[in-house]
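Dear colleague,

I am handing over the structure below, together with some notes on what was found in it. Please look through it first, and then read on.

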Amino acid sequence: MCGIIGYIGYDNATPLLIEGLKKLEYRGYDSAGVAVHTEHSLEVVKAKGKLCALSEKLQQMPQLVGNLGIAHTRWATHGEPSEQNSHPILSASGKFAVVHNGIIENYIAIKDELLKKGVKFSSDTDTEVVAQLLDIYYDGDVLSTVIKVISKIEGSYALGIICAQRPDELIAVKKASPLIVGVGKGENFIASDATAIVSRTKDIIRLEDEEIAIIRAGSVKIYDKAKNEISKEIVHIDWDVAAAEKAGYEHFMLKEIMEQPTAIMNTIKPRIKDGKIDFEQDGVSFSMADLKNINKICILACGSAYHVGCVAKYIFEKILRKPVEVAVASEFRYMNPIVDGNTLVVAISQSGETADTLAAMKEAKALGARVLSIVNVVGSSIATCSDNVLYTWAGPEIAVATTKAYSTQLCVVYMLAIYMAKKLSRINSAQHAAFVEDLLNLPSKVEKVLTAQELIKSLAKNFYDCKNVFFIGRNTDYSVSLEGSLKLKEISYIHSEAYPAGELKHGTISLIEEGTLVVALATNDALFEKMISNIKEVKARGATVLTLTTEMHRAEAESVSDYCICIPKTSDMMMPSLAVLPLQLFAYYIAYLKGCDIDKPRNLAKSVTVE
Ligand code: BG6
């Protein structure tokens with residue numbers, strides 16, 4: 001999604017803005033631009049394509065010097081990717097420059113109104129109506145002007161604004177789209193997320209919806225729509241630049257795959273006290289009455305987070321004996337959902353900014369549900385909008401294809417299930433203790449599976465020119481197959497499908513032919529023999545089978561498969577955390593061998609903040 005950075009301070013803005021955009025590239029974009037307040041006016045330089053095109057343009061012109069500026073990487077929503085449609089967008093008078101992330105849903109009506117007033121538009125974007133409205137409303141009082149504009153527009157926005165007549169002020173406001181203020185020494189910033197500014201400051205202020213920030217080099221003032229100044233907490237983030245860099249790995253994705261043992265430990269440890277799951281520090285608690293009142297759990301998510309929800313359904317229904325629905329968030333709103341005060345909604349999101357998930361959970365809240373979210377970004381929109389939030393302490397996840405966030409989301413699901421089951425006396429103390437022990441042993445077992453890196457890299461050499469790959473599994477192995485298939489598609493662009501192993505024979509098996517690769521997940525002991533039958537079915541039709549199972553089933557799996565990867569055993573509930581790892585590495589090495597842009601796959605964005 002779009003990336004925003006703004007600067008005001010003692011230093012020259014231009015190089016800082018470009019550096020900041022580089023840190024935001026992972027969000028996915030198709031054009032970029034900067035606007036700097038030079039001596040007398042706002043100078044805007046924009047370029048379609050990657051950031052290097054903008055940098056080249058800047059190098060070929062007189063240096064852009066100024067202490068105030070905004071910059072943007074655009075992921076096109078309204079208006080095709082082009083220089084004309086890239087941000088910053090200038091108002092007709094040249095007085096205002098604006099960068100925007102989100103969608104102004106009523107921009108057409110506003111644009112028609114302004115065109116009738118003779119306003120000249122220069123782009124096809126929704127954003128431009130903001131720039132033109134600023135022009136029209138500006139009366140010297142910038143706070144009132146911004147309040148009028150945000151009262152007029154509808155939809156989602158994170159806005160960075162500079163004004164030719166106000167060389168000492170950087171203005172920012174947001175609604176349902178991420179934007180933070182970075183507080184430095186003699187300089188201040190705005191950014192879509194902290195990775196863009198962490199090299200200059202680790203002190204940030206998270207803007208809430210419709211709070212207006214008037215930022216100077218030495219001060220940050222924040223107002224509400226009634227022009228009351230608001231005092232805001234300055235949060236010190238504990239990332240360092242290294243955490244947001246590659247730490248020697250060739251790709252962020254491999255770094256983040258290898259960080260999973262630590263990420264899992266960081267997520268689990270703070271929540272286990274005296275052998276019990278404890279969400280006290282999260283401010284999350286469910287009384288026995290709360291749990292008894294829950295007659296349905298509804299999980300809302302997108303992409304890989306949705307696949308965590310699919311695992312969660314099996315786990316919650318098995319251990320809590322409560323019905324669980326897992327909905328693709330973008331479908332949920334339009335299915336007239338059956339949700340009420342007895343529904344517990346669990347929203348799962350790495351970024352905490354996915355518009356589909358945010359919109360779905362707001363719908364569920366409006367229907368009376370209690371919303372608990374599982375999120376990786378502190379203070380993100382989904383977290384802020386929830387009744388409770390359980391953070392996954394995975395640290396910044398930069399690669400578009402999620403790995404450590406997925407794994408830590410699984411761990412929060414396990415802990416929530418164990419916590420609730422104990423409260424409901426669905427499990428006894430011995431079972432509870434066994435689950436907690438498996439949780440604490442998970443990081444080392446994950447570490448052990450990741451040592452199979454070289455084996456998986458050599459397997460990838462056999463398959464990186466495949467055209468189609470099938471992933472099959474049963475129960476939670478099917479849910480993990482969904483994730484393995486998505487990983488492969490996302491980063492290697494190889495077509496792939498995940499299928500319930502027992503369902504393949506009802507149609508899709510017709511696609512299996514000589515040499516078709518089938519990845520069979522067989523980590524569930526109770527269903528292992530069923531999986532052997534399914535493997536034989538596809539083998540009989542010429543498939544090449546790569547089976548993923550546990551050590552105890554190695555001999556039988558190898559007797560029917562072409563290739564076999566064996567992983568350690570843990571409780572069935574937590575097997576997804578181990579089974580997913582070889583699939584992450586498999587996708588990574590296939591994409592690597594194909595020379596794909598692994599961290600920034602084509603067409604994808606790390607967080608889609610538009611519906
Ligand atoms: C997609 C990402 O855009 O959004 C996926 O490419 C991700 O990796 C999905 O799983 C949901 O994002 P989030 O931030 O809500 O987990």
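**Salt bridges across the chain**

Asp525, with a relative accessibility of 30%, counts as partly exposed. Please bear in mind throughout that this is a predicted model. The side chain of Asp525 meets that of Lys569 in a salt bridge, with 3.8 Å from N to O. Because Lys569 sits in the loop between β27 (563–567) and α19, while Asp525 sits in the loop between β25 (517–522) and α17 (528–539), the pair ties together parts that are 44 residues apart in sequence. Lys569 is itself partly exposed, its relative accessible area being 29%.

How many salt bridges does a search of the whole structure find? The search finds 32, and two further pairs may help you to find your way around. One of them is formed by Asp209 and Lys174, whose closest N and O atoms are 2.8 Å apart. Asp209 belongs to the loop between β11 (203–206) and β12 (212–216), and Lys174 to strand β8 (residues 170–175), so this pair ties together parts that are 35 residues apart in sequence. The two partners can be told apart by their cover, since Asp209 is partly exposed at a relative accessible area of 35%, whereas Lys174, at 6% relative accessibility, counts as buried.

The other pair is Glu397 and Lys606, whose side chains meet in a salt bridge at 2.7 Å, N to O. Distant parts of the chain are linked here, as Glu397 lies in the loop between β22 (388–391) and α13 (404–423) and Lys606 in the segment after α19, 209 residues apart. Are these two residues buried or exposed? Glu397 counts as buried at 5% relative accessibility, and Lys606 likewise counts as buried, at 12%.

**Around the ligand**

There are 14 residues around the ligand, and those that come nearest are Ser304, Ser349, Gln350, Ser351 and Thr354. Ser304 offers a backbone N or O atom that lies 2.9 Å from an oxygen atom of the ligand, while in Ser351 an N or O atom of the side chain is 2.7 Å from a ligand oxygen. A backbone N or O atom of Ala605 is also found 3.1 Å from an oxygen atom of the ligand. Taken alone, the ligand exposes 390 Å², of which the protein buries 91%.

Ser349 deserves a second look, as a member of strand β20 (residues 343–349) that counts as buried at 3% relative accessibility. A polar atom of the Ser349 side chain lies 2.8 Å from the backbone nitrogen of Gly352. Apart from its neighbours within four places in sequence, Ser349 is in contact with Ala305, Thr354, Ile374, Val375, Asn376, Ile382 and Gln409.

**A buried leucine and a surface patch**

Leu291, in helix α8 (residues 288–293), counts as buried, with 1% relative accessibility. Leaving aside neighbours within four places in sequence, the contacts of Leu291 are Phe286, Lys322, Met420, Lys423 and Leu424. The C-alpha atom of Leu291 is separated by 9.4 Å from that of Ala421, although the two residues are 130 residues apart along the chain.

On the surface, Tyr464, Tyr592 and Leu593 make a nonpolar patch of about 240 Å². Tyr592 is found in helix α19 (residues 575–593), and with a relative accessible area of 34% Tyr592 is partly exposed.

With kind regards

Technical notes: Residues are numbered from 1 along each chain as its sequence is written. This is a predicted model: local features need pLDDT of at least 70, side-chain atom pairs count only at pLDDT 80 or more; totals for chains, interfaces and linings use all residues. Side-chain values use heavy atoms; hydrogens and water are left out. Patches are made of residues with over 30% relative accessible area and no salt bridge: like charges are joined within 9 Å, nonpolar side chains (Val, Leu, Ile, Met, Phe, Trp, Tyr) within 5 Å. Accessible areas come from the Shrake-Rupley method with a 1.4 Å probe; for residues, only the protein chains shown count as cover. A salt bridge is a side-chain nitrogen of Lys or Arg within 4 Å of a carboxyl oxygen of Asp or Glu. Helices (H or I, at least four residues) and strands (E, at least two) are DSSP runs, numbered from the N terminus. Buried means under 20% relative accessible area, exposed over 50%, partly exposed in between (1.4 Å probe, protein chains only). A residue is near a molecule or strand if one of its heavy atoms lies within 4 Å of it. A polar contact is a pair of N or O atoms within 3.5 Å; within protein, one must be able to donate a hydrogen and the other to accept it, and residues adjacent in sequence count only if both atoms are side-chain atoms. Contact means heavy atoms within 4.5 Å.
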